[in-house]
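Trainee: Could you take one part of this model, the packing of its side chains, and go through it closely with me? I would like a single connected account rather than a list.

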Amino acid sequence: MNFRNIPMGSPEQFNVLIEIPTGSINKYEIDEETGFVRLSFVFKDGLHYPFNYGFVPYTLAEDKDPLDAIVLSSAPIYPNTVVAVKPIAILKLKDRGVQDNKLITVAIADPMAATLNDINDLTEIQKEGFKEFFRQVGIQKNKSVEIEDIFDRAEAMAEVKKCMI
């Protein structure tokens, strides 16, 4: 599979290629050259992805990878699935001193999309859960992760626009 054939969309609505489904203890990454899903890390001590996770094709973030995206949905979405999403917020963080922001999105086809439109639609527990997950990832992978904060939909769309190639 060549993910370069996936249309990007616009900052208001774009596609995400899922790498990791909700509930997974495995960190998968799509190999750019082959299109295959590779296992890159296995979490321990009960840590698992509390959301679907992937990337936005046709973007290049500050860490020199495509822009990362959390995809909220009612059920896990399998790796290599293309999902149309809308941004609702952005988690800004640094991974080993390099900016590595995470878009927070919702799958448009999911009923959740009717009620999730901006940062104010997320509970404090959800927001803290996103931050804590990435803190724990840093601990398990023995790397420095600095969490800045979560910002609104306008900031998320600005990041998408900035990263489009």
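Mentor: A residue is called exposed when its relative accessible area is over 50%, buried when that area is under 20%, and partly exposed in between. Please keep in mind throughout that this is a predicted model. By that cut-off Asp45, with a relative accessible area of 75%, is exposed, and Asp45 belongs to the loop between strand S4 (37-42) and strand S5 (52-56). Its phi is near 60°, a positive value in a residue other than glycine, and this deserves a second look because most residues other than glycine have a negative phi. Arg96 presents a second case, with phi near 55°, again positive in a residue that is not glycine; Arg96 lies in the loop between strand S7 and strand S8 (98-99), and at 59% relative accessibility Arg96 counts as exposed.

From Asp45 we can step inward through Gln140, whose contacts, once neighbours within four places in sequence are set aside, are with Phe41, Phe43, Lys44, Asp45 and Leu47. Gln140 is placed in helix H1 (residues 124-140), and with a relative accessible area of 12% Gln140 is buried, since buried means under 20%. A polar atom of the Gln140 side chain lies 2.7 Å from the backbone oxygen of Lys44.

Two of the residues that Gln140 contacts, Phe41 and Phe43, lead on to the aromatic residues. One aromatic cluster is formed by Phe41, Phe43, Tyr49, Phe51, Tyr53, Phe130, Phe133 and Phe134. A search of the whole structure finds 12 aromatic pairs; between Tyr49 and Phe51 the ring centres are 6.1 Å apart and the planes stand at 80°, so this pair is edge-to-face, an angle over 60 degrees being what that label requires. Both Tyr49 and Phe51 are buried. Charges also sit over rings: the charged end of Lys141 is placed over the ring of Phe41, 5.3 Å from its centre, and Lys92 lies over the face of Phe151, at 5.1 Å from the ring centre.

Phe51 and Phe130 carry the account from this cluster into the largest nonpolar core, which has 23 residues, and in which Phe51, Leu72, Ile104 and Phe130 have the most contacts inside the core. Strand S6 (67-72), strand S7 (82-95), strand S9 (102-107) and H1 each supply at least two residues of this core. Residues up to four places away in sequence left out, Phe130 touches Phe51, Ile70, Leu72, Leu91, Ile104, Leu122 and Ile150. In soluble globular proteins, nonpolar side chains tend to be buried together.

Leu91, one of the residues touched by Phe130, lies in strand S7 and at 0% relative accessibility counts as buried. Beyond residues up to four places away in sequence, Leu91 touches Asn101, Lys102, Ile104, Phe130, Lys131, Phe134, Ile147, Asp149 and Ile150. Leu91 and Leu39, by contrast, are 52 residues apart in sequence and 24 Å apart in space, C-alpha to C-alpha. Asn80, in the loop between S6 and S7, is partly exposed at 29% relative accessibility; Asn80 and Val37 are 43 residues apart in sequence, with 7.7 Å between their C-alpha atoms.

Apart from the largest core lies another core, of 18 residues, among them Met8, Ala61, Ile90 and Val160. Val160 brings us to helix H2 (residues 153-163), whose buried residues are Ala156, Met157, Glu159, Val160 and Cys163. Viewed down the axis of H2, these buried residues fall within an arc of 155°, so they line one face of the helix. The face turned away from that buried side carries the exposed residues Lys161 and Lys162, while the cover over the buried residues includes strand S2 (13-20), S6, S7 and S9. Glu159 is a charged residue to examine on this helix: at 6% relative accessibility Glu159 counts as buried, and, residues up to four places away in sequence not counted, Glu159 touches Leu67, Ile90 and Asn101. At the N-terminal end of H2, Asp152 acts as the cap, with a side-chain oxygen 3.3 Å from the backbone nitrogen of Ala154.

Terms used
Residues numbered from 1 in each chain as written. Predicted model: local features only at pLDDT ≥ 70, side-chain atom pairs only at ≥ 80, totals over all residues. Heavy atoms only, no water. Phe/Tyr/Trp six-rings, centres within 6.5 Å; stacked < 30°, edge-to-face > 60°. Buried < 20%, exposed > 50% of the residue type's maximum accessible area, 1.4 Å probe, protein only. Lys NZ or Arg CZ within 6 Å of the ring centre and 35° of its normal. Helix = DSSP H or I, 4+ residues; strand = E, 2+ residues; numbered from the N terminus. Polar contact = N/O pair within 3.5 Å; in protein donor to acceptor, adjacent residues only side chain to side chain. Contact = heavy atoms within 4.5 Å. Core = buried A, V, L, I, M, F, W, Y, C linked by side-chain atoms within 4.5 Å. Arc of directions from axis to C-beta.
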